[in-house]
2 protein chains.
Amino acid sequence: MAERVAQASRRAGRYIGRPVTRLEDPPLVTGRARFVGDVNFPRQLHARIVRSSHAKGRIVSIDADEARAVPGVVAVWTAADMADVPNIPFRATAIKGLTPYTQPPLARDYVRFVGEPVAVVIADDAYVAEDAAELVFADIEELDPYLDATADPGEFAPGLGCEPVVIEKGYGDTDAAFDAAHAVVELELSTGRHSAVPMEPRGLLARFDESRGVLELYGAAKRPHWNRDQLAELFSMSPADIELFENSVGGGFGVRGELYPEDLILCHAALTLRRPVKWIEDRREHLLSANQSREQTHRIRAAVDAEGRILAIDECLFHDQGAYVRTHGARVADMTIGLLLGPYRVPAYRARAHYRLTNKTPAATYRAPGRFEGTFVRERLIEAIGRNLGIDALQVRRVNLLASSDMPYERGLSALETEVVLDSGDYEGLLDKALDFVGWNDLQDEAERRRAAGEAVGVGLGMFVEKSGLGPSEVVDVSVQTDGSVRVVTGAASVGQGMETVIAQICAETLGVDYRRIRVLHGDTNLIPFGFGAHASRVTVMTGEAARRACETVRDKALDLAAELLQMDRDKLSIEEGTVGASEGEGPSISLGELARNLTPASTVRGDREPGLSATGWFHNKHMNYPYGIHVAKVRVDRETGHVEVERYAVIYDIGRAVNPALVEGQIVGGLAQGLGGALYEEFVYDDTGQPLSVTLADYQMVTATEMPPVDVLILEDAPSPLNPLGIKGAGEAGVNAAGAAIASAVDDALQMPGLVRRLPITPQSLRKQLLTENAGE
Amino acid sequence: MAERVAQASRRAGRYIGRPVTRLEDPPLVTGRARFVGDVNFPRQLHARIVRSSHAKGRIVSIDADEARAVPGVVAVWTAADMADVPNIPFRATAIKGLTPYTQPPLARDYVRFVGEPVAVVIADDAYVAEDAAELVFADIEELDPYLDATADPGEFAPGLGCEPVVIEKGYGDTDAAFDAAHAVVELELSTGRHSAVPMEPRGLLARFDESRGVLELYGAAKRPHWNRDQLAELFSMSPADIELFENSVGGGFGVRGELYPEDLILCHAALTLRRPVKWIEDRREHLLSANQSREQTHRIRAAVDAEGRILAIDECLFHDQGAYVRTHGARVADMTIGLLLGPYRVPAYRARAHYRLTNKTPAATYRAPGRFEGTFVRERLIEAIGRNLGIDALQVRRVNLLASSDMPYERGLSALETEVVLDSGDYEGLLDKALDFVGWNDLQDEAERRRAAGEAVGVGLGMFVEKSGLGPSEVVDVSVQTDGSVRVVTGAASVGQGMETVIAQICAETLGVDYRRIRVLHGDTNLIPFGFGAHASRVTVMTGEAARRACETVRDKALDLAAELLQMDRDKLSIEEGTVGASEGEGPSISLGELARNLTPASTVRGDREPGLSATGWFHNKHMNYPYGIHVAKVRVDRETGHVEVERYAVIYDIGRAVNPALVEGQIVGGLAQGLGGALYEEFVYDDTGQPLSVTLADYQMVTATEMPPVDVLILEDAPSPLNPLGIKGAGEAGVNAAGAAIASAVDDALQMPGLVRRLPITPQSLRKQLLTENAGE
């Protein structure tokens, strides 16, 4: 995938650290995988959502009679029919005051964005449902929408917008620092609204199993247990009476697996109609109504001394949340200011995030939420400081980077309701290695040479700190089967990241079993009582460590029994390829399968041991860990068209320990495609009336193979996390994080117009317009 | 159900000991229950078995071309197509030498009974499959069948029958006892071939989930985990890759849930065709090919002293196993002689069971296997001793009954691979209570009076010892949900006996929760790693105690946390209706649901406690326990037709502790219907060529409401089992056990022809014929 991958796998084990092939792939590449669209039940119904075509308006009436009369239509519901179903709940319990702004499953009294569900048609055929949905007429009295989150908001409904909360964070005496500053550098920067567009759109199939009194929901992803518990609250059921099934998932990236109106509608329909009900999102619906993200405007100031040392940062952020608070609450805004400072020492900090509701599609997390935005802002600021003081931006970075001796470093801030304590890192060491890896000076020379020849070629760089391994807990059950294979059950989720493989590798290493004999089960809330899903780059860290602990216990149990059966000293035994035998030399041996057979309840040699060659492993973790990296971009700008071509790209990333370097590389390069999309192409654009203009893939321009540059990846393991014995940190968001920052820096450089880029994405239209304006202004 | 139920519920608790209504019933009585016939998957295929119409023959050829040509037919397979699938495995590991006599899924080379599967037709429609099956032509060279298990057997194939094993048991010097005897009493007795005919026939649906690589089998019953492990061996899969689902079950009684040829055929088909395959047995198939039972001939002798004291018993048994050793191996024959001695002291004992294969449907267990037969034989022997010595049979019983002071009493025999140790009992006390309960003397007087008036009315009695609570182990997971409801998971099975209710009652009592808030999950091998199913009257004893233990741990955890949160002394707290509070007086309280919320992983008050208000409970048990009872029958015989009318019936049963007296009563009365069937009506009759004559419900005559007498039930709790803290013994087989014995005794009495009945069932035809013969012989 990457052009060049380098990795210091100096601590590679038998399985950990090896780029083994993915266990997930055989069903996926042979078409055997079962996505929610593939799940069907007899007597199944199909739902089609009728969506608002107005950004804001009062619902005068909804006429569904014609739709109801269509043969095959079983039900047409509006808000009145679902009055008992509460609004979509949210997390972010630390931020108060958001409850009144949550979304009902079907619009009540007002519509607040184009695409908002106003009715649902349920029919015995998907096409009938779709046709009938066209016949539902919503009489809506249009109101002026509130679309600019930096403008003064009024009341939400029936007014023009609102600000449910301002989140404030900070420490130190910011005012004093600014008063004493050698210089103050100020910027207004913004990131455009974009989001994940996975290959497989969302989809759900809800079914009430009347024989068991159990509600089943297929198509769950990301956080099945959390969603189960929420649905239990919403529908006044016991969590034990709701089962969520994950199925194969064609891309998550934060957008999939949250509770949406459709989840509530489908569950309500299954419970009410007592027939399975299916809904598969089409592409337009996804671009219209799935969580969007990233739209923020930042007014940021830095107080600096003469050497470019940051004395304080003062940040004011306007977060465009769209029409409703959905499941993440205000987390993206909160995380943006909580993690804004990246790798730098900042003695005083004050941040306010204005969390504002507008008449657009509701927003939530998208891969590296708050960090893509924050890194862009911070790194722009660093470069502005250099520009202001006439110091090279790299030098500004160097004087401000935290040292490895500072670690662990308490920020005095919180994010995701945990204290930010940078666990380990050698940021300047990373910078040195990165510059060396990319051949920084040669790149500069080449760019200068080509610029001299008339080309607009530039090189840019962005440094970032990621966060990963969010707690609080994870639990894994490991059991060796009587045939020697291993069953691993977790409440984590698979959204394409390769978690089955990685968890199997960790188990394989710990247990001494071929990783291909390990089956990692997930995505079934019935199999394990707790689970925290796949988000916040947590699975390898949390599930990995819980799995390792379970395997350690299993290993102990195996060695203990083997020592007895083989009549050998336990300390002289080891497990290789699933067989316990003497670590050195010849001797008798016994397979793990045989040991499992000797641990069944009826076994005569089991003694007082609890039956089963199995164990449960828990890992509780109060703090996240913090991998970090650098993006380097070389771009060429076409001054006429405004088109930015990314000629080459490099990501240097210290992950603590790479369980599977090939998968880390895949995460980075895949993430980069999304990062470049946000930097250069992708944006949900709305017109003045709040009509979305990006509801097809022709308008919402995603990065394809054509746009992807050659990528070099350097995976480092210089700063293993002290928070888990394997030193693992997460990999999910490294490819996205600094893409906006690095591209902006490179575009500035290419055009030799420092500070030119103040907004992402840098689309050809916007850049061309800006060039015309700025050139005219010169 | 019963006319009169009496019970000494002197130890009834809040839930244990109460006749609460069944949790299982709402889905069953409202039609929401999901039997295997109700389970369907898209693209499902249907299998139809082509069965042998010859009792014995060599397969010359099978022509399936015409069937294969039928549109909709997907496959037609014979043995050659399933050559890789091994024969049906069996348990009874202690008895060697049976392996060569197991059954292949489709007949190989020879057919050995009418109804044996010789081919399978798989089509996309059940009716197409059935029609196409008619077109399969098996060219079979008929051979003379071996049909009388008391006749000398030869070689099995291609010969005339065989005796794979003779099982011997015994202790003491039998020969010496016979030499020294005051008298020797000898009988030849036999029980007819009959079996369970549940309302719902068998059925299976096998599906290979290609996305997970998992074989699913719906319609599992009785022993899902054991069957899973066996299927894993058969198909060389990991047990973790096979999932069995129980669904609702319309009657088990031993016959359902064993591995049959159809299980192997369906699994093979799903694995091969990669489409779901369903098979639902029709009634004829059930009567033709499901396990039959009970056909035994006993030659038994007793050596006695002048007072009727048994000095020794010498027993020789011929067990008609039918054509193959199926899943039970030789267990019925083994159990018959292992448990033959019932409640009596027998100083010396010698028994041989000739386990013989004939050309009939294979045999296995049916409710009270070996005990219905053995009790009939033993009680007939007791009465013969009385007759021989001129002593009243009740007196013979009294001089031979073991005393409660003998308990626990080691028999020196084994059954079901456990040593027979009678755990507790007061047999003579039971006899006294029974005679009092039924008004024995009044019954005798009435019978005598009516006989004097010309009617053939008699009263009979049979004493029995049951066995229950078979180990080795059971495990239960109990978890309190955040809404205060309780999820209980077990690997035991529900076959209609009410186990969900009974286990919920035990949990409710232990936890202090309304039993209706407890959901008992079973019948899903994926939910719990081990499970031993529902057989041998084990569930209430084994699962009940494992559940109680798990609940004790949960209760401890709840009280511990509640004491901390309420700041109260733990010893002063109790749990009532799901709320922990002061045992006496007013005070703060906290619900179990609230405690569960305080024990989630993220809880801030959980401390070092493992997350979850949950626990696993194991119960290991090396010995069975032994409930006991008496059947009393009053009958009236029609001398002309031979018809026996049962006028009144009583069952007196000491169960140790009745968790739910209403369910115990249901078990007893329901079992009695089957016992009376075996005593008077039901028989699988074969003609001289081995053709079965009882393949419709018109020919195989089951007891209906018309035949059922009024039943009085006395449930006693005089001898709680010392093997578990609640003192529970099992209830499943008490209603069947002594039915043959009591009816035989009553018929003898009615006709005043002691020892007349030597064979069951006492059908009108057989009794009339016997009366004609014996009267002619007089």
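**A walk through the two chains**

With 25 C-beta neighbours inside 10 Å, A:Ala364 counts as buried, and this residue makes a good starting point for a tour of what is a predicted model. Look for A:Ala364 in the loop of chain A that runs between β16 (348-357) and α9 (371-389). Setting aside residues up to four places away in sequence, A:Ala364 touches A:Gly254, A:Glu258, A:Asn291, A:Ser293, A:Arg326, A:Thr327, A:His328 and A:Val332. Take A:Ser293 from that list: 71 residues separate it from A:Ala364 along the chain, yet their C-alpha atoms are 5.5 Å apart.

Another of those partners, A:Val332, leads us onward, as it is one of the buried residues of α8(A). How many of the eight residues in helix α8 of chain A are buried? Eight of the eight are, so this helix, spanning residues 331-338, is largely enclosed by the rest of the structure. If you would like to click through them, they are A:Arg331, A:Val332, A:Ala333, A:Asp334, A:Met335, A:Thr336, A:Ile337 and A:Gly338. Charged names such as A:Arg331 and A:Asp334 appear in this buried set, alongside A:Met335 and A:Ile337.

Now let us cross to the other chain. The contact between the two takes 34 residues from chain A and 35 residues from chain B. On the chain B side, the elements giving two or more residues are α5 (224-234), β20 (473-480) and β26 (614-620). Of these, β26(B) gives the most, with three residues. Sorted by class, the side of chain B that touches chain A has 14 nonpolar, 13 polar and eight charged residues.

Two of those elements also guide us to backbone details. Just ahead of α5 of chain B, in the loop that follows β11 (214-218), sits B:Lys222. Its phi is near 70°, a positive value in a residue other than glycine. Is B:Lys222 buried or exposed? It is buried, with 25 other C-beta atoms within 10 Å. The loop between β19 (456-465) and β20 of chain B holds B:Pro472, and a cis peptide bond with omega of about 5° joins this proline to B:Gly471.

A second pair of such features is found further along chain B. B:Gln752, in the loop between α18 (739-751) and β30, has a positive phi of about 50° although it is not a glycine. Here the surroundings differ from those of B:Lys222: B:Gln752 counts as exposed, with 12 C-beta neighbours inside 10 Å, whereas B:Lys222 is buried. On the other side of β30 (759-760), the loop leading to α19 (764-777) of chain B contains B:Pro761. A cis peptide bond joins B:Leu760 to this proline, and omega is about -5°.

Our last stop is a sheet in chain B. Three strands form it in the order β23-β24-β25, as an open sheet with antiparallel pairing. Which strands stand at the edges? They are β23 (573-576) and β25 (589-591) of chain B; each has a single partner strand, so one side of each is left without a neighbour in the sheet. On average, neighbouring strands here are turned by 25° against each other, direction ignored. Four bridges join β23(B) to β24 (residues 579-582), and B:Glu576 stands opposite B:Thr579 in β24(B). Finally, helix α14 of chain B (residues 539-566) lies across β23, β24 and β25, running at about 120° to β23(B).

Notes. Residues numbered from 1 in each chain as written. Chains lettered and ligands numbered in written order. Predicted model: local features only at pLDDT ≥ 70, side-chain atom pairs only at ≥ 80, totals over all residues. Contact = placed C-beta atoms within 7 Å. Nonpolar A, V, L, I, M, F, W, Y, C, P; charged D, E, K, R; others polar. Buried ≥ 20, exposed ≤ 12 C-beta atoms within 10 Å, placed from the backbone. Pairing = 2+ DSSP bridges. Axes fitted to C-alpha atoms, helices over the stretch in contact; angles between N-to-C directions.
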